[in-house]
Amino acid sequence: QFRRHANIANLGGRGSGKSVSLLFDVLDHVRELGPVASVLVLRESWAGLQELSFKLFQLGRIAFGGAVSQNKGSGTLSFPNGAMVYFKNIGDADSFASAQGRTYTMIAADEAGNYPISAINYLTMLRSNLRPPKGIRAHMHITANPMGRAHVHFLRNFVNKAPPWTPYQSEEGEWWINCFSDLTDNPSLDADAYRRQLLAATAGNPALQQAWLFGDWHQKGGGL
C-alpha cells in the first residue's frame with residue numbers, strides 16, 4: 001500500500017531481497033500504467049546492470065507472457081501493453097547524457113549505496129526527467145546497503161529522517177518510506193548458509209558484520 005503513495009528507500013542488509021522487490025515494483029508500475037509507463041533502471045556496474053536486465057526479462061515473461069521482448073543493444077524491455085523499461089549505467093557525464101532526452105514515470109536505482117558521490121549527483125539530476133502526465137505520481141525506488149561509498153548520503157538524507165516503515169516528507173514535499181529487511185526475510189535464500197558466508201567475509205570487522213547482516217546504518221566507519 002505504501003508503493004502507490006510514496007517513494008521507496010529499500011535500505012536493508014545484504015541478501016534481504018531488495019533488488020527483487022525493486023523489480024516487482026517496476027513490474028507493478030508497468031502493469032498499472034501500461035503504455036504511459038516509461039521506467040529508467042540504473043546500476044553503476046555494467047555486469048550488475050546486465051544481470052538485473054535479464055532477471056526483469058524473465059519475471060516479465062512470467063507476468064506478461066512471451067510477448068515481452070528484450071533489445072540488448074539498446075538496453076530496453078518492451079511490454080505487450082506498450083510500457084517501456086530502459087537500463088542505464090550511471091556514474092559519469094557520458095552515462096548521464098545518454099539517459100537524457102526521454103520522459104520517465106519511474107526511476108529505479110539499484111545498489112545505490114555503493115555509488116560514488118558523482119553517481120549520486122547524476123541520479124539526483126536525472127529526476128528532472130520524471131515528467132509523468134498530470135494526475136500520475138512520479139515514482140522512485142532506491143536500494144542501498146550500509147557501509148557503501150554513499151553510506152553518509154543515505155544516512156543523512158534517508159535513514160535519519162524517520163523510523164522504519166514510517167512515511168515522511170522530503171524537503172521538496174514528496175512522501176518517502178524507508179524499508180528495512182535482513183537475510184531472514186528472503187524466502188528464496190538459504191539464510192543459514194549465506195549467514196556463514198557473510199560472517200567469513202566480514203571476519204575481524206564487527207561493524208561491517210552488523211551492517212551487512214542486519215542492515216545497521218549506525219555502525220562506526222560507515223562511508224570511510
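# A walk through the model, starting at helix H7

Start by selecting helix H7, residues 206-214, and pick out its buried residues: Ala207, Leu208, Ala211, Trp212 and Leu213. Keep in mind as you go that this is a predicted model. Look at the numbering of those residues while you turn the helix. An α-helix has 3.6 residues a turn, so residues three or four places apart point the same way.

What do the buried residues of H7 pack against? Add residues 191-201 to your selection: that is helix H6, and it is the packing partner. Then step just past the end of H7 to glycine 215, where phi is positive, at about 65°.

Now zoom out and show the whole chain as a cartoon. You should find 7 helices and 9 strands. The radius of gyration is 17 Å, close to the 17 Å that the globule rule gives for 224 residues, so the chain is as compact as a globular protein of that length. Along the principal axes, the C-alpha atoms fill a box of roughly 50 × 40 × 35 Å. Of the contacts with a separation of 6 or more, 70% link residues 24 or more positions apart.

Next, go inside. Of the 224 residues, 47% count as buried. Select Leu42, Tyr115, Ile142 and Phe154: these have the most contacts inside the largest nonpolar core, a set of 32 residues. To see where that core comes from, colour strands E2 (38-43), E6 (106-109) and E7 (139-143), plus helices H4 (117-126) and H5 (151-157); each gives two or more residues to it. Which element gives the most? That's H4, with 5 residues.

Stay with Tyr115 for a moment and show its neighbours. Leaving out residues up to four places away in sequence, tyrosine 115 touches Leu42, Arg43, Glu44, Ile90, Ala109, Asp110, Ile120, Leu123, Arg149 and Ala150. Then switch to a second, separate core: it has 21 residues, among them Val30, Leu49, Leu56 and Met106.

Now select Asp25, in helix H1 (residues 18-33). Is aspartate 25 buried or exposed? It is buried, with a relative accessible area of 3%. Try drawing a distance from its C-alpha to that of methionine 140: the two are 115 residues apart in sequence, and 9.8 Å apart in space.

Finish on the outside with a surface view. The chain exposes about 10,900 Å², and carbon and sulfur atoms supply 54% of that. Colour by charge and you'll have 21 positive and 17 negative side chains, with the centres of the two sets 4 Å apart.

Conventions: Residues are numbered from 1 along each chain as its sequence is written. This is a predicted model: local features need pLDDT of at least 70, side-chain atom pairs count only at pLDDT 80 or more; totals for chains, interfaces and linings use all residues. Side-chain values use heavy atoms; hydrogens and water are left out. Helices (H or I, at least four residues) and strands (E, at least two) are DSSP runs, numbered from the N terminus. The radius of gyration is taken over C-alpha atoms; the globule rule is 2.2 Å times the number of residues to the power 0.38. Buried means under 20% relative accessible area, exposed over 50%, partly exposed in between (1.4 Å probe, protein chains only). Contact means heavy atoms within 4.5 Å. Accessible areas come from the Shrake-Rupley method with a 1.4 Å probe; for residues, only the protein chains shown count as cover. Lys and Arg count as positive and Asp and Glu as negative; His and the chain ends are not counted. The place of a charge is taken as NZ of Lys, CZ of Arg, CG of Asp or CD of Glu. A nonpolar core is a set of buried Ala, Val, Leu, Ile, Met, Phe, Trp, Tyr and Cys residues joined through side-chain atoms within 4.5 Å.
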